[in-house]
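Here are my notes on the model you sent over. I've kept them as numbered points so you can check each against the structure.

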Amino acid sequence: MAGKRIIAVTGATGAQGGGLCRVALEDREGLYKVRALTRNPGSEKAKELERMGAEVVAADLDDAESLKKAFHCAHAAFCVTPYWEHLSPKRELAQARNMADAAKHAHVGHVVWSTLEDTRDFVPLPDDRVPTLMGSYKVPHFDAKGEADRYFAGIGLPVTFLRTSFYWENLIHLGMGPKAGPDGELAIAFPMGDAKLPGIAVGDIGRCAFNIIRNRLEYLGRTIGVAGDHLTGQSMAEALTRALGRKVRYEDVPTDAYRGSGAPGAEDLANMFLFKRLFEREYCAARDLAAARRLHPGMKSFEEWLSENRHRFPFGEVQRKASGE
Ligand SMILES: NC(=O)c1ccc[n+]([C@@H]2O[C@H](COP(=O)([O-])OP(=O)(O)OC[C@H]3O[C@@H](n4cnc5c(N)ncnc54)[C@H](OP(=O)(O)O)[C@@H]3O)[C@@H](O)[C@H]2O)c1
């Protein structure tokens, strides 16, 4: 391990950071050593990372001192916040600042900050096209990340801002996938009208982060948005129909119905879809597909992601064949 450059990875047991850990640990050049940060080094996911060759260290994003230790001697740090664990933009901003301060303290050579737009730069608080939430946000889980961008830059960190996209895995894990209606027909339902939604296979975010770190000088100080496809709900439904061998339609739910569903974070997500719809051109342009593929030539399209993941959906021809139906 001597001489290898350390990449300190927050969220290492999660989707984005986990993807980066796997890519870095499997990299044939072997130039990097992965330091996986977790609150719980004894968890099964942490032990798995250790078995794969990572150094697992205890750290908590709410504890700045633990981060300073965990970032010690790191060549690069990948920083991501667990918004959906607490649904608090204030706490998310505090966690981001803790990581930024720790990276500065530890003289980390390159920080990759997993971020999103501050939507208030597009829709100021008095603009009621998007309702204000929690008194000072439009899309809370976006805005605090965007606000943190200014902090990362303001303290003079060597940083790359990695703007991520909607994970297609949400169709499997977050209950956003096809559901049967009263007529038995499957539908995906988003309040996106006919606007395009940039999406990505979450594992590709980790690969993008790794390639940014490998090409430090090219990406330092830049903002790069990543996506594997920009698709309308209708196109996603058609691709799902082909992949699952069963008709899936797209239902354009009214934003207010989505907002009122009562699910945790429903208002935040309703505003997110509304923002993406109102600013479709800018939001897609910030995730240019050609630029993302220059960064990661193997970036999956939705069709490619579906062909690898269709067996994980609870519906479809693949499953019916498997169950002998
Ligand atoms: N879902 C989407 O479509 C989407 C799209 C773009 C961006 N995002 C953003 O992605 C972020 C979440 O990333 P993810 O999906 O990779 O996360 P994830 O899979 O939900 O995992 C959360 C990670 O955060 C770690 N964690 C939580 N609280 C922590 C704390 N106090 N200190 C240290 N580590 C902590 C967990 O590690 P331990 O439990 O091991 O400590 C775990 O590794 C959110 O901010 C979300 O807004 C999501």
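1. A word on terms before the ligand site: Ala, Val, Leu, Ile, Met, Phe, Trp, Tyr, Cys and Pro count as nonpolar, Asp, Glu, Lys and Arg as charged, and the others, Gly among them, as polar. On that scheme, the shell around the ligand holds 10 nonpolar, 12 polar and four charged residues.

2. Keep in mind that this is a predicted model, where local features need pLDDT of at least 70, side-chain atom pairs count only at pLDDT 80 or more, and totals for chains, interfaces and linings use all residues. Numbering starts from 1 along each chain as its sequence is written.

3. Which residues are closest to the ligand? Gly-14, Gln-16, Thr-38, Arg-39 and Pro-82 are, out of 26 that surround the ligand (a residue is near if its C-beta atom, placed from the backbone, lies within 6 Å of the molecule). Helix H1 (15-26), helix H4 (83-86) and strand E7 (166-167) each put at least two residues into this shell. Helices (H or I, at least four residues) and strands (E, at least two) are DSSP runs, numbered from the N terminus.

4. On the overall fold, the protein chain has 16 helices and 13 strands. Its radius of gyration is 20 Å, close to the 20 Å from the globule rule for 325 residues, so the chain is as compact as a globular protein of that length. (The radius is taken over C-alpha atoms, and the rule is 2.2 Å times the number of residues to the power 0.38.)

5. Of the 325 residues, 46% count as buried, i.e. 20 or more other C-beta atoms lie within 10 Å of the residue's own, all placed from the backbone. The largest nonpolar core has 92 residues, and Ile-7, Val-9 and Ala-209 are among those with the most contacts inside it. Such a core is a set of buried Ala, Val, Leu, Ile, Met, Phe, Trp, Tyr and Cys residues joined through C-beta atoms within 7 Å. Helix H8 (residues 202-214) gives the most to this core, with seven residues.

6. Strand E1 (residues 5-9) is mostly covered, with four of its five residues buried. E1 pairs with strand E2 (residues 32-38) in the parallel sense over five bridges; strands pair if DSSP finds at least two bridges between them. Ile-6 sits opposite Lys-33 in E2.

7. Back to E7: this strand pairs with strand E10 (residues 197-200) in the parallel sense over two bridges, and Tyr-167 stands opposite Ile-200 in E10.

Definitions and conventions:
A residue is buried if 20 or more other C-beta atoms lie within 10 Å of its own, exposed if 12 or fewer, and partly exposed in between; C-beta atoms are placed from the backbone.
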